Structures are given as C-alpha cells and as structure tokens.
Amino acid sequence: MARITPPTLGEFELLVILAVMQLGDKAYPLAIAEQIEAATKRAASRPAVLITLNRLEDKGLLTSRHGDPTPVRGGRSKRFFLPKPLAVQAARQALERIHTMAHGLDLLIQPK
Amino acid sequence: MTPPTGPSRVANWALRTLTSKADADAVVGDVMEELGASRWRLEWRMCQLIGAAAITSLGRSMRAFRHMARDARRSLRRSPASTMFILLVLTLSIAAATVTFSVVDTVVLRPLPFAADGDLIVIESRASGAAAVANRSIGAYEFLTFRERLTSITGLAAIEQGRFTLTPVGESQSLVSTRATASLFDVLGVPPLLGRTFMADEEAVGRSDVAVLGYELWERRFHGDPRIVGQSVEVTSRALMGGNTTVRSLTVIGVMPRGFTSPFLNGTPKPQRTEIWTPLVIPADERSGTDRSRYLGVVGRLRPGTREAGSDSELNAVAAAVAPGSQNSVLGATYRFVPLKDVVIGPARPWMVLALTAVALVLLIACVNVANLQLSRAAYRSRELSVRASLGATRRHVISSLLAESLMLSLTAAGLAITASIWGIEIARNALPPGIGRADEISLDLRVLVAAITAAVATGILFGVVPAWQASRQDLVSILKQGSTTTVGVGRDRWRAVFTVTQVTFVSVLLVSATLIIASFIRVTTADLGFNRSDLLVINPIGVPIAETRDMLTRLRQLPGVSSVSTVENGSPPLMMAGFGGGASGTMVNAVDAPPGKEPFRVEWRRVSPDYFVSAGLMVLKGHVPEQMGDADVVIDETTALALFGRQDAVGAELIGGGRYGRRRVAAVVKDVRTNGPERTAWPQTYLPVANQAQGYVVVRLNKPAAAVVPSIRLMLEPMQPAGSRPADIRSVEDAFRNITADRRFNATLMGLFGFLAIFIGAAGVYGVMTSIVAQRTREIGVRVALGATTTQVINGVVGHALRYIAIGLLVGLPVAFLVSRIFRGLLFQVTTTDWSIYAIVAGILIGVGFAASLWPALRAARVDPLIALRSE
C-alpha cells in the first residue's frame with residue numbers, strides 16, 4: 001500500500017499544529033490562539049486561526065469534535081481539535097527542514 | 001448573573017449559511033467567552049469570523065468543484081466515442097444558435113444608432129389599387145411644405161442618395177455619398193465627433209462645397225488626423241442621369257462618430273455605410289413646385305406624446321393642400337408616418353424571427369438528444385454510482401457530479417462553438433441577402449458571447465438534470481448486490497421513450513416549417529414572369545452619345561453570341577426596378593370609345609424598340625408588332641386589354657392617356673409581365689415606340705453563355721465612351737432575379753441547413769437509443785432466440801420499437817407543426833399550411849430515417865448468440 005506523504009506546512013500552520021499538540025484534549029480555537037500568543041509573544045488573529053484550523057482539517061491533519069455547552073459561552077459548545085498521526089509527521093518534517101536549513105548558522109542566529 | 005447576550009441575529013444567520021450549525025455555534029461560543037461584555041468588539045469580531053468562514057467555504061467549494069471537474073473529465077474519457085458525439089451535436093447546435101443570434105441581434109433587436117430612435121419616422125405614400133407599393137420618395141416642394149406646416153414633428157430632414165457620385169480625384173472608386181439638409185444630424189440627434197455639421201445657409205449654390213466625413217473614411221483615407229477639419233478634398237462629382245461631371249473642392253467641416261450612418265430610405269438594393277455627406281441644394285424650380293420630381297427620402301422626429309394616427313391625418317391634410325392635381329393626388333395616394341426602425345429592419349423581421357425560432361428548436365432537439373444519451377450512459381454507470389454511494393456519496397453528490405459532467409460537456413461545446421462562430425458569422429455576413437440593414441455590423445461581441453454561454457449553461461442543465469435525477473433515484477445498494485453492469489429500470493425506460501418521442505416531435509415541427517419555406521422558394525423560382533429571364537443582358541451604355549446609339553446597336557447585333565438587341569427608354573427593363581433600381585412612368589388610360597362613366601385605368605409605360613419583345617422573350621398574344629412602330633402605336637398587355645376592351649378584340653382599337661401619352665392605336669397584345677418579380681404585384685404594362693431622345697437601356701438576348709459574350713461587348717463599347725468614363729454597366733436579368741429572391745434563397749438555405757441538422761441529430765438519437773436498448777436487452781433477446789425467435793422476428797422487434805417512437809412523435813408533431821406554420825403563413829408563396837403533401841413528405845422522411853437508424857442496432861440484435869448472451873450475465 002502506498003505511503004501517504006505528509007503535506008508541506010506553512011509557518012503559521014506549524015504554529016497551530018504545535019499549539020494543538022501542546023493543548024492536548026483542550027485545544028479549541030480560542031485556547032489555540034492564546035497559546036500561540038503566549039508562546040510567541042505575537043498576536044494571533046482569531047479569523048486566521050479559524051481559517052488555518054479548517055484548512056488543516058480539510059487536509060486530513062486534524063480532526064474535530066464538539067464538547068458540552070457551557071453557560072459562559074451562552075450555552076454553546078466548544079469545537080475541540082485533535083492532531084492525526086499525519087499532523088505529527090508533517091510537523092516533524094517541517095521542523096527538520098528548519099533545522100537542516102539552520103545547520104552551521106548557530107553563531108549567526110543563536111538567540112542572545 | 002446576567003446571561004451573556006450573543007451576537008446579532010444577522011451575524012448568526014450569516015455564519016450559519018457559511019458553515020454547519022454546530023461549527024457556527026462553537027465559533028460564536030468562542031467569541032462570547034472572549035468578548036462577552038463588549039458588544040461592539042463582539043460584533044466586529046463576528047464580522048471578521050464571518051469573513052474567515054466565507055474564505056473557508058469558498059476554498060471548500062473550489063476544491064469540491066475541482067474534484068467534480070476531475071471526476072467528470074475521467075468519466076467522459078472512459079467513453080470517448082459517446083463524448084465526442086455529444087460534443088459534436090452540442091457544438092453544431094450552439095454554433096448555429098450563436099451565429100443566428102448574432103445576426104438577429106444586430107439586425108432586429110438592437111436600437112438604431114440615433115438618439116430616442118422610437119420617435120424617428122419616415123414619410124411614406126401609398127397609391128390606392130392592388131398593385132400599389134409603398135413609396136418613400138417625395139418631392140422637394142412637398143418636403144419644404146411638410147417641414148413648414150406639420151406641427152406633429154419637431155424636425156424633418158431630406159436626404160438624397162444615388163443621384164450623384166463623388167470620386168476622389170485620381171481614384172476610380174466612388175465614395176458612398178449622401179446629400180442631406182442641415183437638419184439631418186439634429187433630427188437623428190447625433191453630434192459630430194470633430195468640427196460641426198451643416199448650417200442651413202450652406203444649402204445654397206456657392207456655399208455648399210463643404211463636407212462631413214464618416215468615421216471609417218476619416219480613419220481609412222486620413223489616418224484619423226484630427227486636423228482634417230478645415231482642409232480641402234478634391235472630388236469629381238458626376239450626375240448619374242445626364243452624366244455631367246464637375247470637379248469640386250470640398251472643405252471638411254466635421255467628422256461623425258464611429259458607427260454612425262444615415263439611414264437608406266429609398267429601397268437601395270445593398271445599403272452601404274455613408275462615407276461622406278454634402279449639403280442638399282434644392283434647385284429653384286423644385287422649391288417653387290414647378291418641378292415635382294420625387295427623389296428625396298425624408299426622416300423626421302415626432303413631437304413627444306404625438307400619436308402616430310393623429311399625426312397621419314395632419315400629414316394627409318397638408319399633403320392634400322399642397323399638391324392638388326399632382327400624380328399622387330390623382331392616384332388617391334395616402335400618406336403616413338412609418339417608424340424609421342420598421343423601414344430599416346423592414347421585411348427582415350419575420351424572417352429573422354423564424355430563423356431564431358428554428359435554431360432554438362435545433363438547440364432543444366440537441367438537448368433532448370443528449371439527455372437521452374446521458375440517460376443511457378447513466379444506465380451503464382449504475383455500478384460505478386452504487387460504489388460511490390456505498391463509499392458515502394449522498395444523493396446530492398451523485399446529482400452534482402452528473403450535472404458537472406453535463407456542464408463540462410456543454411461549456412466545452414460552447415468554447416468550440418464560439419470558435420466556429422467566428423467563421424460562421426463571416427459566412428453569414430457575406431451570405432445575407434442584399435437590403436438587410438446593418439449587416440456589416442454583425443460580429444461576435446459581448447452580447448453574443450454572453451448569449452452563447454448562457455445558452456450552453458442552460459443546455460447543460462436541461463440535458464443533465466433528468467439523467468442525474470434518474471440515476472440518483474435508483475436503489476444503488478441492490479444494484480451492487482445484483483452485480484449487473486447495466487440496469488434498465490422502469491422510470492428510465494419511460495424517460496427514454498418520452499425523450500425520443502419529444503425529439504421526433506421537434507424534428508417534425510422543424511422539418512414541416514423548413515419544407516414549407518423551401519417549397520415556397522421553389523415555387524418562386526419557377527414562377528412564370530411573363531418573359532424569358534435566362535440569357536438576357538441589360539446594358540447601361542454610360543457616356544455613349546445618343547447620336548451613336550444606332551451604330552452601337554448595329555455593332556452589338558454583329559457580335560457572336562448575340563441573337564437580338566433592342567432598347568428601352570423612359571423606364572427600366574423587366575425586373576430591373578426590383579433588382580437593380582430604375583423605374584417606369586405611370587399614367588391613367590381609357591379606351592377612346594369608352595362608355596361614359598367608365599373609370600380610367602392605371603398603367604405603366606415604357607418606350608421600346610420593336611425588337612424588344614423578341615429580345616425579352618415576351619410572347620405576343622394578339623396582333624403583331626410592326627418592324628417600324630408608328631408614333632401613335634402602342635402594345636398593351638392582356639390585363640390592360642381586358643380592362644379597357646373586355647372581350648372585344650383590342651388590336652386596332654384606340655386608347656387615350658394623360659400628358660405625353662396621348663391617343664394611340666393598339667398594334668398588339670402581349671403577355672403580362674411581373675416587373676416587380678413573382679411575389680409583388682405590378683402595374684399593367686403598355687409599350688410605346690422609342691423616341692431616341694433619351695439615353696436608355698439596351699436589352700440583349702444571347703445564344704451563348706454570358707461569360708463568353710460580355711468581354712466582347714465591353715471591348716466594343718469602350719471606344720465609344722468618353723475618356724475616363726466608367727465602364728458600361730452590363731448586368732444579367734437572371735442576376736436581377738437572384739437579387740429579388742435573395743432573401744428567400746437565404747432563408748430556404750438556412751431552414752434547409754437547420755432541417756438537415758435536426759434530421760442528423762434526430763437520426764443519431766434514434767440510433768443511440770436503439771443501440772443502448774439492444775445492448776441492455778441482450779439477455780432478453782438471447783432468451784427469445786433460444787426459445788425459437790427467428791432473425792426476422794428479432795429485427796422486426798427492434799425496428800418496430802423505433803418506428804413506434806417515430807409514429808407517436810409524428811402524431812404529436814404534425815398537428816403542432818400545422819399550428820406553428822400558421823404563424824408564418826405570410827412568408828409562404830403558393831404553398832398553403834394545409835398542403836397535405838408537405839406533411840406526407842416529412843412523415844416519409846422521418847419514417848425512412850427512423851428505419852435506417854434502427855436497422856444497424858436491429859442487425860446487431862439478430863446476431864446475438866443465446867449461449868454467449870446468457871453466459872455473459
């Protein structure tokens with residue numbers, strides 16, 4: 001059987017997948033956006049996070065399920081995202097590419 | 001705690017239309033959790049998220065479309081023969097529809113290139129009597145009076161075309177010129193692109209050497225130079241009658257915008273776009289009414305809110321006051337305003353509507369045919385569709401996928417058809433009959449493109465929807481269980497029968513219409529005109545001095561291939577009036593010994609040489625034409641003889657006419673001549689002896705093909721013409737006849753083509769359906785053969801099946817065709833819509849075609865080996 005090649009990820013897609021992985025079973029769009037903001041110290045646009053999550057789901061990297069409704073959300077449920085194995089492969093591949101490209105540039109790009 | 005309020009209902013609704021309810025709720029929940037207290041920030045965030053959902057939705061739709069297109073492409077590639085055939089049928093019919101629409105749109109549907117074209121009118125007069133034809137030429141005196149006295153119009157302009165030619169000095173090709181009053185451009189409501197148009201004081205000798213150029217001439221000759229205004233152009237002006245030539249230096253005062261042309265009003269055989277306008281100078285004797293020559297076309301603008309009927313009565317009152325005793329007044333002519341659009345589009349409208357209806361029918365036939373083929377294809381794909389269903393495809397998916405196939409087919413066909421239409425429009429433009437206004441403007445423009453693509457999409461949906469719906473209705477799981485590759489299904493069988501019968505119905509309606517039009521054309525071309533039009537030439541010996549006429553005739557008679565030569569003065573030879581222009585004089589005549597109270601009779605008269613009747617092949621019925629006709633002799637036609645003298649012998653009797661006609665003795669009675677062609681009534685004819693005072697036409701009967709004789713005639717005439725003169729105008733009367741019948745010929749050809757296309761598509765449809773039926777019933781046929789059915793019985797079964805469809809289609813189609821043909825019965829000539837032979841011919845053709853189309857599938861059915869057939873399932 002042919003092996004499914006993971007798709008190439010963009011930078012923001014990689015951040016979103018990593019955030020989903022870090023949040024485990026508590027990864028819903030708002031939490032993902034806040035996780036990215038906390039980790040990267042940069043603003044994560046909510047619409048961009050939503051578009052990216054939908055796209056990653058369409059690509060077969062994430063799956064989603066709806067949780068229970070909560071009063072603080074006006075009785076609405078959360079949509080939780082979970083990574084599929086292909087997402088892990090894709091994230092690994094993207095990080096390897098970055099490491100490969102950064103090889104030998106430690107002195108130049110090492111964080112101070 | 002106050003429960004948090006959500007976003008507005010509009011925002012909620014927008015989000016839910018773009019995504020599922022659960023996903024939309026989750027998004028709203030996130031927003032409320034984050035910004036619940038801040039109303040405006042919440043609404044703003046909702047707007048952003050609706051945008052995000054829209055982008056996601058669009059992306060998903062695009063992906064779904066790509067997948068559907070890919071599936072459709074794969075599916076169509078799997079059966080290339082059927083795909084190619086469908087593409088051929090659709091391309092031909094969409095191309096035919098595109099070309100026809102482009103012609104009809106340009107000629108009939110588009111507004112004229114003038115401001116508020118609905119208010120523009122033309123003045124037309126019509127004499128009383130059966131042979132009266134509408135006359136749109138009026139005299140200068142009448143025009144001036146109308147302009148001064150009519151209150152129902154805001155402006156009136158006179159134009160004159162064809163009496164003078166303007167040729168740039170040093171060139172041989174004349175410009176298409178129009179002389180017009182200064183009011184023309186105001187009446188039409190079109191300002192110049194550059195400079196100005198004429199002023200009223202330029203309508204006078206000495207001030208009239210100014211010109212307004214048409215855009216095309218400005219571009220072609222002056223390369224669009226904006227400094228042309230104020231420059232001079234030298235032209236040779238030649239009067240067509242009389243041949244006076246002068247060289248004029250015209251100062252260009254303006255250039256008209258692209259596409260502008262003044263309307264041709266005088267029934268010019270081939271309207272051309274005016275290239276140059278010069279002021280119309282009305283001579284003093286015409287202004288005073290001394291000379292009442294009628295050669296002006298008049299276009300005016302009705303005062304807004306003026307009803308045409310009311311304005312007609314004012315027009316007639318003014319006409320009666322200005323012209324007592326004029327020829328029109330004597331003939332009891334009535335005047336009326338005719339919308340300019342009716343004049344420009346004129347008789348083309350019913351033909352165009354017929355052509356458009358016919359091509360729409362062809363498109364419908366193609367739709368039904370392709371729908372039928374798609375139905376058969378879907379039957380073969382039952383297993384594939386059931387696999388898709390078992391893998392999770394919903395009914396909506398199946399329908400969308402099959403509709404995508406149909407749309408892909410129709411849009412590919414539209415692309416091919418639009419490419420083919422580029423040539424088709426070029427061919428149609430050149431093949432259009434002369435006299436069709438705006439034919440030179442026909443092109444593949446945005447309107448036509450939009451129409452073609454709309455037609456293609458509509459076609460795709462029309463032929464795709466039933467097969468898709470049918471395919472999605474099947475119990476796909478049971479098909480999968482059966483393991484059969486094809487299924488028939490009662491619903492599909494019924495639809496197939498309905499489609500085939502509908503197709504035959506449409507084809508029979510189109511064929512009956514086409515046959516009626518073609519039969520009319522055949523009757524027109526074979527109608528008796530009263531003279532022999534073949535091998536007959538008419539020569540206008542331009543510039544040959546009148547003194548040399550006798551010598552010219554003698555030398556013409558000596559040429560090989562010429563059997564008879566004669567001359568006509570004061571009028572055109574037969575058919576010339578309708579075919580090339582020209583005319584005849586009319587007068588009222590009566591028998592000298594007519595009883596008191598007998599009404600005078602209107603006739604036309606021409607002066608002819610005695611040989612004319614031999615040259616024209618005009619049969620002498622009574623008496624004989626003397627070799628030298630006396631000055632007081634007249635030859636009359638049988639209608640005149642009957643009207644004036646009844647059953648008495650007209651030969652030797654005397655008649656009297658008005659003016660120069662005088663009192664004359666009848667020398668002979670000849671056959672009636674239909675000078676205006678077979679379809680238009682003509683005034684009765686009388687023939688007077690030539691006076692040799694005016695330049696006339698020469699009529700030449702040939703006994704060799706014209707192509708062999710015309711060069712020697714030209715060679716003979718050339719030395720007799722003045723230096724620099726235009727070559728003599730030599731035309732065959734057969735050409736004149738072709739001019740008269742050009743619109744019929746064009747439409748008969750068009751209807752013939754559409755009919756042929758319909759038969760081809762219909763036959764292919766019957767063939768396809770029968771092939772599919774045979775293929776799907778191989779097992780059943782095998783069982784029958786195994787049970788003892790003979791080859792003949794199998795063939796009869798298949799052919800009989802097809803003929804049943806044809807018979808039902810004819811039973812519905814022929815009565816519909818009868819009703820439809822009554823709508824255009826005004827276009828028929830000597831053929832009636834109740835002519836049963838037409839219906840018999842169509843029924844015969846369709847039964848023959850149905851038989852032929854089903855024969856091959858029947859032979860295939862007869863070759864079915866029962867063992868193989870039963871084992872294959």
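Let me begin at a loop: B:H223 is exposed, with a relative accessible area of 67%, where exposed denotes over 50%, buried under 20%, and partly exposed the range in between, for a 1.4 Å probe and protein chains only. This residue sits in the loop connecting α7 (215–222) and β8 (232–239) of chain B; helices (H or I, at least four residues) and strands (E, at least two) are DSSP runs numbered from the N terminus. Although not a glycine, B:H223 has a positive phi, near 50°.

A word on provenance. This is a predicted model, in which local features need pLDDT of at least 70 and side-chain atom pairs count only at pLDDT 80 or more, while totals for chains, interfaces and linings use all residues. Residues are numbered from 1 along each chain as its sequence is written, chains are lettered from A and ligands numbered from 1 in the order in which they are written, and side-chain values use heavy atoms, without hydrogens and water.

A second loop residue, B:D535, also has a positive phi, near 55°, and is likewise not glycine. B:D535 lies between α17 and β13 (536–540) of chain B and counts as partly exposed, at 42% relative accessibility.

I turn now to the interior. The largest nonpolar core has 99 residues, among which B:M352 and B:I517 touch the most other members; such a core is a set of buried Ala, Val, Leu, Ile, Met, Phe, Trp, Tyr and Cys residues joined through side-chain atoms within 4.5 Å. Helix α12(B) gives the most to this core, with 17 residues. Beyond four places in sequence, the contacts of B:I517 (heavy atoms within 4.5 Å) include B:W351, B:L354, B:N747 and B:M751.

What of α12(B) itself? Of its 33 residues, 25 are buried, so this helix is largely enclosed by the rest of the structure. The axes of α12(B) and α24(B) are 10 Å apart and meet at about 10°; axes are lines fitted to C-alpha atoms, for helices over the stretch in contact, with angles from 0 to 180 degrees between N-to-C directions. The two helices are therefore roughly parallel, the term for angles under 35 degrees.

Finally, consider strand β1 (residues 120–126) of chain B, which holds B:I121. Is B:I121 buried or exposed? At 0% relative accessibility, B:I121 is buried. Its C-alpha atom is 8.4 Å from that of B:V298, although 177 residues separate the two along the chain.

Note on methods. Parallel < 35°, antiparallel > 145°, perpendicular 65-115°, else oblique.
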